[in-house]
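Load the model and keep the selection panel open. Each stop below gives you something to select and tells you what is there.

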Amino acid sequence: MHSASEDVSQSDKKLLEDLSGSDKAIGVLTSGGDAQGMNAAVRAVVRMGIYVGAKVYFIHEGYQGMVDGGKNIVEANWQDVSSILQVGGTVIGSARCKEFRTREGRLRAANNLIQHGITNLCVIGGDGSLTGANFFREEWQGLLQELIQQGKIDKAAAQKYSHLNIVGMVGSIDNDFCGTDMTIGTDSALHRIIEVVDAIMTTAQSHQRTFVLEVMGRHCGYLALVSALACGADWVFIPESPPADGWEDQMCQKLSESRSRGTRLNIIIVAEGAIDRHRKAIPSSFVKDNRARKKRLNIIIISEGAIDCNNKPITSDMIKDLVVKRLGFDTRVTILGHVQRGGTPSAFDRILASRMGVEAVVALLEASPETPACVVSLSGNQAIRVPLMECVQMTQEVQKAMDEGKFDSAVKLRGRSFENNLKTYKLLVHKKPDNEQTHSNFNVAVLNVGAPAAGMNAAVRSAVRTGITQGHTMFAVADGFEGFIKGQIKEIKWSDVGGWTGQGGSLLGTKRTLPAKDAEAIAEQIRLHNINALLLIGGFEAYLGLLELSAARAKYDEFCIPMVMVPATVSNNVPGSDFSIGADTALNAITDTCDRIKQSASGTKRRVFIIETMGGYCGYLASMSGLSAGADVAYIFEEKFDIRELQSNVEHLTEKMKTNIQRGLVLRNENCNENYTTDFIYQLYSEEGKGVFDCRKNVLGHMQQGGSPSPFDRNFGTKISAKAMQWITNKLTETYRQGRVFANSADSACVLGMRRRTLVFQPVTELQDETDFKHRIPKEQWWLKLRPLMKILAKYKASLDVSDAGQMEHVNRRLTQDSHHFIAI
């Protein structure tokens with residue numbers, strides 16, 4: 001941890017030197033529809049701009065405020081964006097503006113910007129808002145000339161403000177913008193949808209009901225598709241992939257078979273703009289009129305405004321009537337509407353928006369007249385820049401492909417994440433009839449190892465159903481290696497894992513027991529059950545277990561089978577993977593608790609909260625929740641600190657508290673330092689803050705491991721396990737010789753991890769050199785690069801790594817990259 005007196009890096013010095021003595025000004029606006037997380041982006045732009053010495057201006061009410069000027073354009077200070085991280089919507093307002101579409105309106109907007117010296121715009125909105133910004137930039141020179149002719153500015157001002165730089169961030173819950181894996185607000189909208197689905201499932205099971213759930217997505221089915229994946233919906237309707245002819249019969253047959261297997265509920269999800277394969281997209285006016293007639297729910301997801309091949313709207317009520325008439329099921333309809341836009345932003349959206357906001361400021365500072373307007377986007381776990389108009393054109397091409405009925409092209413144009421989601425959904429939701437099912441004669445066992453993590457059950461469900469689809473017989477091992485030793489192994493079938501995606505913890509049971517000392521007993525069970533492959537889902541213990549099984553191959557041939565591990569732990573400390581199943585749920589639990597703790601201080605005197613998080617020696621939870629909750633400091637094992645730094649942090653916080661800041665937040669990873677305990681830090685801050693602030697402390701404990709898995713963890717667990725099972729199938733085929741499976745090469749015992757942008761299968765033996773076994777963490781961790789963001793946004797001087805900045809990527813190149821091993825987050 002570095003204090004305010006810390007020397008900045010050479011890259012930072014260059015940024016600061018470029019701005020030294022300058023009068024660069026940045027305007028930030030939110031335009032179009034609102035989305036959760038926009039305030040986090042505004043906060044990041046303001047504070048990063050102030051950090052590098054620029055003036056930052058709020059432009060209230062979007063383009064309308066830019067056209068109207070006056071009190072709508074106001075300089076922002078540090079305190080103006082305090083306590084807005086957890087607020088949904090946008091505090092600076094958003095509005096549609098017809099005047100900006102006219103030359104006269106844009107002329108007024110340009111004049112207003114010049115009066116404040118603003119020639120750098122950060123626009124947070126959808127494709128329409130960003131397209132308007134780019135057009136504004138392109139005609140900037142002509143607008144200046146016209147303002148000179150009207151006598152509103154002189155030639156000196158026109159020369160000084162001769163170029164307008166534009167950087168965009170996409171704020172849209174629909175995730176309908178090409179060029180980024182996730183838009184700001186999408187994850188939060190998924191949280192709202194899944195909260196409703198989870199609530200609905202309890203009442204549906206009580207009464208054996210079918211629910212039809214309509215979600216937003218007029219032109220994009222992302223929300224419907226991912227929520228269908230996350231809740232295990234029986235059917236989903238999306239505009240990019242309309243149902244084939246005869247879908248009514250197929251859907252009713254699917255629902256009937258599901259109910260006959262003992263399922264007490266069905267879910268159908270419909271995207272707002274779903275269409276029939278024989279029709280073009282419905283005009284938005286029709287969708288708006290149609291929306292007013294909708295009612296409520298089995299769970300089927302439908303895009304609002306879908307139509308059938310007879311030119312009739314496929315409404316939620318039509319789906320309901322179809323199910324009731326043909327099957328006689330008690331069926332209800334629920335339309336979520338604008339509840340999807342509301343509520344507190346998720347941890348993911350806060351972190352995403354904060355990263356994008358900082359990167360947007362850096363991009364503006366580095367922009368030149370020759371630099372095209374860009375969008376700050378997310379690719380895997382990286383923030384990148386993409387040419388704005390390439391993204392807009394690609395987004396328009398998606399709609400054009402749908403209008404022309406080229407739906408396969410539309411799916412591909414949506415990007416790798418969308419395409420993989422659709423493939424995975426189709427793989428998991430529809431079981432082939434037994435007479436059409438292939439049989440491989442391979443037996444695959446799946447087990448959970450280590451501490452429970454939310455999302456484990458979604459991963460098991462995905463593995464079981466993918467394995468069955470590929471013809472394998474799937475076996476479930478109860479209680480990890482301990483259950484393996486005792487022979488607690490039984491076949492698990494398709495219907496056995498129904499409804500597992502939303503369940504927290506581990507339904508299979510999990511223990512921390514390692515296999516080495518009982519290798520002989522485990523080998524015997526593998527022989528008895530003729531196990532041909534193993535899938536381990538767990539944390540660091542699963543990693544160690546896989547290493548031990550791999551080493552035991554020298555003594556026991558039974559372990560010479562394909563083995564793969566999928567990381568699942570709240571600590572996110574598994575070598576070989578940037579993300580682990582369960583970590584996002586834990587982050588949201590910590591962030592929500594921090595919000596509530598800070599809210600508890602409302603109306604009180606200045607107060608600082610000291611909060612201890614889990615994670616062992618890994619500081620991921622403390623660091624990322626610190627960024628999402630707006631912490632002042634987060635103490636972790638990976639960054640050493642001493643008493644002098646603790647004292648400096650206290651002094652820094654004391655100075656902040658003397659302004660209008662009322663609350664402070666200090667996070668401490670549980671094993672960051674054996675001497676500087678949570679109690680010690682609490683007592684230090686209490687003593688040194690006397691007369692300025694008081695302190696409270698909280699140890700969050702195991703609440704971080706509990707609860708229903710987040711949409712991220714459900715989706716990630718589902719996709720990564722499906723990929724693991726596909727790898728197992730390939731390895732079984734490769735290693736089957738002379739009537740048996742024999743696999744003893746290094747690449748037949750792997751960890752499947754998310755690395756930067758792709759899924760990578762890495763031999764577990766090769767990961768040993770990357771592992772700090774004493775502290776149970778990887779030697780290098782990608783998220784450490786994000787820690788300076790938290791410090792900068794907390795008003796510290798910190799070294800910002802901009803080594804990856806300035807590189808523009810092209811949308812077409814990203815689309816043509818191999819998507820076979822890609823999973824977007």
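The tour runs from a pocket to a helix residue, then to a helix face and some backbone angles. Keep in mind throughout that this is a predicted model.

**Stop 1: the largest pocket**

Select G32, G33, R96, D127 and G128. Of the 41 residues that line the largest pocket, these lie nearest its centre. The space inside comes to about 1300 Å³. Now colour α5 (127-138), α11 (284-291) and α14 (388-403). These are the elements that give two or more residues to the lining. Which element gives the largest share? It is α5, with six residues. Next, colour the lining by class. You should find 18 polar, 13 charged and 10 nonpolar residues.

**Stop 2: G65**

Move to helix α3, residues 62-68, and pick out G65. Is G65 buried or exposed? Its relative accessible area is 0%, so G65 is buried, the cut-off being under 20%. Show its surroundings next. Beyond the neighbours within four places in sequence, G65 is in contact with I59, H60, N72 and I73. Then draw a distance from G65 to N112, C-alpha to C-alpha. It should read 9.6 Å, although 47 residues separate the two in sequence.

**Stop 3: helix α19**

Select residues 519-528, which form α19. Show side chains for A519, I522, A523, Q525 and I526; these are buried. Look down the helix axis. The buried residues fall within an arc of 160°, so they line one face of α19. What do they pack against? Display α18 (480-486) and β17 (489-491): the buried residues of α19 pack against both elements. Now turn to the face pointing away from the buried side. There you meet the exposed residues E520 and L528. Step just past the end of α19 to N530. Its phi is positive, about 50°.

**Stop 4: two more positive phi values**

Go to R776, in the loop between β29 (771-772) and β30 (777-778). Phi of R776 is near 60°, a positive value in a residue other than glycine. With a relative accessible area of 29%, R776 is partly exposed.

Finish at K795. This residue sits in the loop that runs between α26 (787-793) and α27 (811-816). Phi is positive here too, near 80°, and K795 is not a glycine. How accessible is K795? Its relative accessibility is 37%, which means K795 counts as partly exposed.

Methods. Residues numbered from 1 in each chain as written. Predicted model: local features only at pLDDT ≥ 70, side-chain atom pairs only at ≥ 80, totals over all residues. Heavy atoms only, no water. Helix = DSSP H or I, 4+ residues; strand = E, 2+ residues; numbered from the N terminus. Buried < 20%, exposed > 50% of the residue type's maximum accessible area, 1.4 Å probe, protein only. Arc of directions from axis to C-beta. Contact = heavy atoms within 4.5 Å. 1 Å grid on protein atoms, 1.4 Å probe; cavity = no way out; pocket = protein on both sides within 12 Å on 5 of 7 lines; lining within 4 Å. Points joined across faces, edges and corners; volume = space filled by probe spheres on them. Nonpolar A, V, L, I, M, F, W, Y, C, P; charged D, E, K, R; others polar.
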